[in-house]
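Dear colleague,

I am handing over the structure we spoke about, so that you can look through it in your own viewer. Please read the notes below the structure alongside it, and write back if any passage is unclear.

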Amino acid sequence: MEIKHAQFYYMDKFLLLTSANVFYLYTYHLDPTKSDLMRYICNSRYKLVKSFELPSTQQITAFSSMNTFYSYIVIAAGSNRSVEIFDMNVGKSLRTTADAHTRPVHVISQNQGSAYVSHPPENYDLYLTAAVTDGIKLWDLRTARCVCKYDGHKNRSHACGAAFSPCCRFIAAGSEDKCAYVYDIRAGTCLHKLTAHTDVVSDVAFDPLHPQLLTASIDGKVKLFSS
């Protein structure tokens with residue numbers, strides 16, 4: 001069984017794994033004790049709680065859940081271009097958006113905010129999806145519609161990343177033109193085009209406290225931008 005995605009969930013209480021068109025919820029215990037005499041005995045353990053299948057697709061292509069605070073929402077995208085919302089509290093699918101993009105989604109990014117910033121509750125209902133040749137879309141969990149689209153960057157073949165800023169005012173995106181783009185989340189306009197890389201910018205991440213942006217390129221280099 002090939003594991004495509006793996007991440008901690010619900011403030012590190014669970015593990016989520018995906019394989020093919022199924023994702024799995026595990027509880028786990030890691031034994032922190034270290035002893036040279038007992039190093040061959042492992043007391044760490046895990047247990048499958050439940051599995052969730054996306055029957056209409058062959059492969060889960062992107063996956064996201066909250067871990068910085070308690071949230072029951074898990075979002076999965078399939079190779080059939082759909083995006084499905086799950087409520088882990090009741091253990092079922094809430095909604096499926098068919099043809100969310102023209103190509104399969106390769107990135108899902110939820111607005112997780114930051115421990116240093118507070119937002120109104122509705123801001124945490126926002127999430128991003130990105131697909132090759134179809135830009136980035138902003139969605140609201142309370143509806144099934146796209147709120148805004150960002151497509152000023154170039155993304156024709158590589159799985160370029162996207163991220164919310166902690167203040168929820170900006171969106172950053174990687175691009176195939178060796179740049180990173182920063183968008184105004186409401187207006188959808190490009191505010192900054194950051195140039196420093198010599199190859200495709202494959203991923204982006206905001207610092208949770210400082211006004212800084214990390215960008216990563218497929219050439220293995222990471223750059224730090226500061227306002």
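What follows is an account of the strands, the charged pairs, the cysteines and one loop.

This is a predicted model, in which local features need pLDDT of at least 70 and side-chain atom pairs count only at pLDDT 80 or more, whereas totals for chains, interfaces and linings use all residues. Residues are numbered from 1 along each chain as its sequence is written, and side-chain values use heavy atoms, with hydrogens and water left out.

Strands

Strands here are DSSP runs of E with at least two residues, numbered from the N terminus, and two of them are said to pair if DSSP finds at least two bridges between them. As general background, the strands of a sheet pair through backbone hydrogen bonds, either parallel or antiparallel.

One open sheet consists of four strands in the order 1-2-3-4, and its pairing is antiparallel. Its edges are formed by strand 1 (5-9) and strand 4 (45-53), each of which pairs on one side only. On average, neighbouring strands of this sheet are turned by 25 degrees against each other, direction ignored; the axes behind that value are lines fitted to C-alpha atoms, and angles run from 0 to 180 degrees between N-to-C directions. Strand 1 is joined to strand 2 (residues 14-19) by five bridges, the two running antiparallel, and H5 has T18 in strand 2 as its bridge partner.

Further along the chain, strand 15 (residues 179-184) and strand 16 (residues 190-195) also run antiparallel and are joined by five bridges, with V182 standing opposite H192 in strand 16. The hairpin that these two strands make has five residues between the strands, and G188 in this hairpin takes a positive phi near 80 degrees.

Charged pairs

A salt bridge is taken as a side-chain nitrogen of Lys or Arg within 4 Å of a carboxyl oxygen of Asp or Glu, and by this rule the count comes to six. For accessibility, buried means under 20% relative accessible area, exposed means over 50%, and partly exposed lies in between, computed with a 1.4 Å probe on protein chains only.

One of the salt bridges is between D99 and R81, whose closest N and O atoms are 2.8 Å apart. D99 lies in the loop between strand 8 (92-97) and strand 9 (105-110), and R81 in the loop between strand 6 (73-78) and strand 7 (83-87), so the pair ties together parts that are 18 residues apart in sequence. Both ends count as partly exposed, D99 at 47% relative accessibility and R81 at 31%.

Another salt bridge joins R142 to D140, with 2.6 Å between the closest N and O atoms. Here R142 counts as exposed because its relative accessibility is 52%, whereas D140 is buried at 10%. The same two residues are linked with D125 in a network of salt bridges.

The loop between strand 10 and strand 11

D134 is found in the loop between strand 10 (126-131) and strand 11 (136-140), and it is buried, with a relative accessible area of 7%. D134 forms a salt bridge with K137, the closest N and O atoms being 3.9 Å apart, and K137 is likewise buried, at 14%. The side chain of D134 also makes a polar contact with the side chain of H101 at 2.9 Å, a polar contact being a pair of N or O atoms within 3.5 Å, where within protein one must be able to donate a hydrogen and the other to accept it, and residues adjacent in sequence count only if both atoms are side-chain atoms. Leaving aside neighbours within four places in sequence, D134 is in contact (heavy atoms within 4.5 Å) with A100, H101, T102 and K149.

T133 is placed in that loop as well, but it is partly exposed, with a relative accessible area of 45%. With neighbours within four places in sequence again left aside, T133 is in contact with T102, R103, N155 and R156.

Cysteines

How many disulfides does a search of the whole structure find? It finds zero, where a disulfide is a pair of cysteine sulfur atoms within 2.5 Å. The sulfur of C160 is 11 Å from the closest cysteine sulfur, in C179, which is too far for a bond, and C179 has its own closest cysteine sulfur in C190, 9.5 Å away and also too far. C160 is buried at 2% relative accessible area, and C179 is buried at 5%.

With kind regards
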